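Subject: The structure I promised you

Hi,

Here is the structure I said I would pass on. Have a look at it first, and then read on for what turned up.

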Amino acid sequence: MDIRVVDDGNKKQQITRLVLEALPDWFGVSETRENYINESAGLPLIGAFDEGKPVGFLCLKETGQDTMEVHVMGVLMDHHRTGIGKAMFQKAKEVAVDGGYSFMQVKTVQMGLYDDYDRTNLFYRALGFKEFEVIPTLWDELNPCQIYVMSLR
């Protein structure tokens, strides 16, 4: 498995599209998915490649002078639970630390509502993220936003 920073904007969008379109349970809203794809061109992106083929990605986004966010990430289903997400996150953490950031954050749906998102929550907790706050109406009432944070220092 090859985990690396991808610099080419067009390649970032190709990878993002390939992975997100293969994950309709998480990225089935086309407008949201297209926003992620379009934004990826200008954001730091870590890609995961198996025999040269993209199988996952993680995009970072600055949310404050000292904070980098895991903006969007995805791993193809047949590569779930293989350590790719953790490896991409470790590389993303290096990128954030090298960029002088002190904190990392991630937003997901609050624990206890949907099995798929409960697994996502457990993944972020296993990486060392801590619960920061829930914003019930950031997205909508059916999807309260859980924010997790981590110190990079």
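Going from one end of the sequence to the other, you meet the pattern β-α-α-α-β-β-β-α-β-α-β-β. That makes five helices and seven strands. Keep in mind that this is a predicted model.

**Overall build**

The chain has 153 residues, and for that length a compact globule would have a radius of gyration near 15 Å; the protein has 15 Å, so the two agree. Along the principal axes, the C-alpha atoms fill a box of roughly 40 × 35 × 30 Å. Buried residues make up 40% of the 153. About 8,400 Å² is exposed, with carbon and sulfur atoms supplying 48% of that area. If you take the contacts between residues at least 6 apart in sequence, 59% of them join residues at least 24 apart.

**The sheet**

In what order do the seven strands of the open sheet sit? The order is 1-2-3-4-5-7-6, and the pairing is mixed. Strand 1 (2-6) and strand 6 (130-140) are at the edges with a single partner strand each, so one side of each has no neighbour in the sheet. On average, neighbouring strands are turned by 30° against each other, ignoring direction.

Helix 5 (residues 115-127) packs on this sheet, where it touches strand 4 (67-75), strand 5 (103-109), strand 6 and strand 7 (143-151). The direction of helix 5 makes about 165° with that of strand 5. One residue to pick out in helix 5 is T120. Is T120 buried or exposed? With a relative accessible area of 18%, T120 falls under the 20% cut-off, so T120 counts as buried. Setting aside residues up to four places away in sequence, T120 touches W26 and T108.

**Strand 2 and its two partners**

Strand 2 (residues 45-50) is a good place to zoom in. It pairs with strand 1 in the antiparallel sense over five bridges. Within that pairing, V5 is opposite I46 and D2 is opposite F49. With strand 3 (53-64), strand 2 also pairs in the antiparallel sense, this time over six bridges. F49 turns up here too, with P54 as its bridge partner in strand 3. Strand 2 is mostly covered, since five of its six residues are buried.

Strands 2 and 3 form a hairpin with two residues between them. In that turn is E51, which has a positive phi of about 55° although E51 is not a glycine. E51 is exposed, with a relative accessible area of 78%.

Where else should you look for a positive phi at a residue that is not a glycine? Try R81, where phi is about 65°. R81 is in the loop between strand 4 and helix 4 (84-98). R81 is exposed as well, at a relative accessible area of 83%.

**The core**

Which residues have the most contacts inside the largest nonpolar core? They are V70, M104 and F129, in a core of 37 residues. Helix 1 (9-21), strand 2, strand 3, strand 4, helix 4, strand 5, helix 5 and strand 7 each supply at least two residues of this core.

F129 is worth clicking on. Not counting neighbours within four places in sequence, F129 is in contact with V70, F89, M104, Q105, V106, Y124, Y148, V149 and M150. Two of the names on that list, V70 and M104, appear with F129 in the top group for core contacts.

**A phenylalanine on the edge strand**

Now go to F132, which is found in strand 6, one of the edge strands. F132 is exposed, with a relative accessible area of 54%. Leaving out neighbours within four places in sequence, F132 is in contact with Q146, I147, Y148 and V149. Y148 and V149 are also among the contacts of F129. For a sense of scale, F132 and L122 are 10 residues apart in sequence and 15 Å apart in space, C-alpha to C-alpha.

If you want a short tour, I would start with the sheet and its order 1-2-3-4-5-7-6, move to the hairpin of strands 2 and 3, and finish at F129 in the core.

Cheers

Notes: Residues are numbered from 1 along each chain as its sequence is written. This is a predicted model: local features need pLDDT of at least 70, side-chain atom pairs count only at pLDDT 80 or more; totals for chains, interfaces and linings use all residues. Side-chain values use heavy atoms; hydrogens and water are left out. Two strands pair if DSSP finds at least two bridges between them. Helices (H or I, at least four residues) and strands (E, at least two) are DSSP runs, numbered from the N terminus. Axes are lines fitted to C-alpha atoms, for helices over the stretch in contact, and angles run from 0 to 180 degrees between N-to-C directions. Contact means heavy atoms within 4.5 Å. Buried means under 20% relative accessible area, exposed over 50%, partly exposed in between (1.4 Å probe, protein chains only). The radius of gyration is taken over C-alpha atoms; the globule rule is 2.2 Å times the number of residues to the power 0.38. Accessible areas come from the Shrake-Rupley method with a 1.4 Å probe; for residues, only the protein chains shown count as cover. A nonpolar core is a set of buried Ala, Val, Leu, Ile, Met, Phe, Trp, Tyr and Cys residues joined through side-chain atoms within 4.5 Å.
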